[in-house]
Amino acid sequence: MSVIQKIRDKYAVVIVVVICLAIVSFLLQDAFFGKSSLARRSTTVGKVNGEELDLGEYQRRIQDAEAGARQQMPNGNIDEQTRQYIREQVWNQFLNEQIMQAQYEKLGIAVTEAEVVDQIKGKNPNPIVVQQFTRDGQFDRVALQQTIAQAPQNPQIRAALAQLETYIAKSQEQLKYITLIKQGVYYPKWMAAQQQEDNSKTATISYVSVPYASIADSTIKVTDAELNRFIQDHKELFKVEESRKVEYVSFDAVPSAQDSAAAIQQIVALKAELDTTNDVAGFINRNSEIKYYDGYVSKSAAQVPQKDSIVNLPVGAVYGPYYDNNLIVFAKMVDRKNMPDSVKVRHILIASGPQGGLPDSVAKKRADSIEVAVRGGADFKALVTQYSDDPGSKQTGGEYDITPATQFVPEFKDFAFEGSKGQIKTVKTQFGYHVIEIMDQKNIGPAIKVAYLGKAVDASKETNNNAYGAASDFAGKSRTAATFEKNVQQGKLNKRIADNLRPMDFVIPGIGQSRELVRWAYEAKKGDVSTVFTFDDKYVVAVLTSVRAEGTAPLDDVRPQVEAEVKKHKKAEQIIAKLQTPASLDAAAKSTNQPVLKAEGVSFASPFIASLGFEPRVAGASFNKAWGTAKVSAPIEGNAAVYVIKADSYEPAQQAQDLATQQAAYEQGIKSLLDQQLFEVLKKKSDIKDTRGKFF
């Protein structure tokens, strides 16, 4: 029998047992420690009352919102600040959907298909429908009906109508909900009457105040236990959201004198071609950091460094080099002419071409006919209403006010500025044929067209290496918070603070786009010092100085504020002990060496007293019926001092509103607050878990 066969016979059971134990061990490890390679990583970016938002869905919503934002931007680009705003808007939209939908379901609020149809086709359409189909200030029901009729054959219209229906359904749900809540607002008549009685008079009081500032802070000792007790007794004042605080040092790769000299050398070499080229626009766009602007700017409106030297250049002459922020620039005068600095025009567009509209020949004939009609005295505004395909100017009779800097198609703009007042002409552009009339031209004067050859002064590789080396050296020597602070002091470095960093922050003021640092701050422990972060031309080393969990702020974060309040309370106790129960104001004044003063026009309705400031306890005590005008008050612990007061007299206040008007005004005020704050209240009462920071 072979050796292998012997092993099979003698150890088969043992081998099976070992394999089973290994499998069990693997599964137990996975269950208790979550380290199995088979474990799936959660893709949930957040939860609202148990409803999850998946990473893929969140990103899809962000992409849709960014696509919409790009359409609103002239160059189709959005910056990082806009992206961060969109991320928050998308998240808040998800919160709103989940929180409000739960409310609708709880209250049985629903919108039927028939309601949505009525909101679109009914006698009184939804305002969004009216807005979308308003022509010349009037709701165009025919246009709406035509659009609905085209939907089955047109996917774009079908999708747009579906989106409109969804919007109307959601807005109707919200309207029903908010209406239901507002109907519950009630201000009882007895409460209005009580408020009228409270505010029916003003008081003139005499008082003695003992300022807290009369006792030196250094004489008041407080313990951490007392400070923490104050925080626990006033938790609402110290509620905080999750955040981090970092201190950091930035080593910037600032261009050296050698870098500036190299940039000057490069741009001077290019100037020779700028002097002689016939294609100025092409040369500038290939070689300059400042792209060529093929338009005129009025001499008075030019805003450039060395303006006086540049605007007076002869055509073809070059001025420079000069500095414009981080650029070294040569300016070449391309052309100059007299032209207005603003023009008022009106036009009628007959659209043509592949983007939509009439065939070119038909559009040309219609435009020529309209031009003839305009020259013959036809009503221009009526022609705009009947024929113009430009929705942007139809409501204004086809009118535009434009300047040399206004973004317009070149052919249109050239005629507006180079023509003369009153001139009428048909001009062809990429959009079709424009029948244009120049209505007015203002401030005709010198205008210039200038080409700018700009070269950025960038830090060289050597300069960057030096900055990075300095940052690395600092980071290597600063591995604790204490050594970080010591090395900052010894190196006389500029330490900066970034406070209240939220989990989804992407930008830190003073650094810019810095998501990596924010993510590190949420993974590090308090006192940890980072390695070197690279942000464009900045090399940053940071120390995490505060970790705030959601809830109540820790003492270290609010110590100065809490100490001031606790010391103020201890001072009040000392002053009240000294005053005891004064028999009169004169007795209170004598025991504290403070004068007796007066305050007039004290109102129960207002916590502000002209001579004292914000002192609600004093205002309330002035109308204490137990004291009236015969007795002095007990010592009152106020905001700035301890007070002893005596009401001298009461005067009738201005005549009150009738109760019904007062009730209506109060209820309307509460309803207005509901529009602004109701969702925030619901959000606070919801169980929200935001874990987006783990994925971005």
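This passage walks through a small sheet, the helices packed around it, a helix pair and two pockets in a predicted model.

Start with the sheet. Three strands make up an open, antiparallel sheet, in the order β2-β1-β27. The two strands at the edges, each paired on one side only, are β2 (51-54) and β27 (688-690). On average, and ignoring direction, neighbouring strands here are turned by 20° against each other. Strand β1, residues 44-48, is held in register with β27 through three bridges, and the two run antiparallel. One residue pair to look for is Val-48 and its bridge partner in β27, Ile-688.

Two helices sit against these strands. Helix α2 (residues 55-72) lies across β1 and β2, and its direction is at about 65° to β2. Helix α3, spanning residues 80-107, packs on the sheet as well, with contacts to β1, β2 and β27. The angle between α3 and β1 is about 40°.

Another packing contact involves helix α8 (residues 189-198) and helix α22 (residues 659-684), whose axes are 10 Å apart and cross at about 105°. An angle from 65 to 115 degrees counts as roughly perpendicular, so α8 is roughly perpendicular to α22. On the α8 side, the contact uses Lys-189, Ala-192, Ala-193, Gln-195 and Gln-196; from α22 come Leu-659, Gln-662 and Gln-663. Sorted by class, the residues of this contact are three nonpolar, four polar and one charged.

Now for the pockets. The largest has a volume of about 1,200 Å³. Its lining counts 34 residues, and nearest the centre are Gln-93, Gln-163, Thr-166, Tyr-167 and Lys-170. Helices α2, α3, α5 (127-132), α7 (155-182) and α22 each chip in at least two lining residues, with α7 giving the most, at 13 residues. The lining breaks down into 15 nonpolar, ten polar and nine charged residues.

The second largest pocket holds about 930 Å³ of space. It is lined by 24 residues, and the ones closest to its centre are Glu-241, Arg-502, Glu-550, Lys-683 and Ile-688. Ile-688 is also the β27 residue bridged to Val-48. Two or more lining residues come from each of α3, β6 (239-240), α22 and β27. Here α3 gives the most, with five residues. As for residue class, this lining has six nonpolar, four polar and 14 charged residues.

How values were computed: Residues are numbered from 1 along each chain as its sequence is written. This is a predicted model: local features need pLDDT of at least 70, side-chain atom pairs count only at pLDDT 80 or more; totals for chains, interfaces and linings use all residues. Side-chain values use heavy atoms; hydrogens and water are left out. Two strands pair if DSSP finds at least two bridges between them. Helices (H or I, at least four residues) and strands (E, at least two) are DSSP runs, numbered from the N terminus. Axes are lines fitted to C-alpha atoms, for helices over the stretch in contact, and angles run from 0 to 180 degrees between N-to-C directions. Contact means heavy atoms within 4.5 Å. Angles under 35 degrees count as roughly parallel, over 145 as roughly antiparallel, 65 to 115 as roughly perpendicular and the rest as oblique. Ala, Val, Leu, Ile, Met, Phe, Trp, Tyr, Cys and Pro count as nonpolar, Asp, Glu, Lys and Arg as charged, and the others, Gly among them, as polar. On a 1 Å grid over the protein atoms alone, a cavity is a set of points where a 1.4 Å probe fits but cannot get out, and a pocket is an open set with protein on both sides within 12 Å along at least five of seven lines; lining residues have an atom within 4 Å of a point. Grid points are joined across faces, edges and corners, and a volume is the space filled by probe spheres set on the points.
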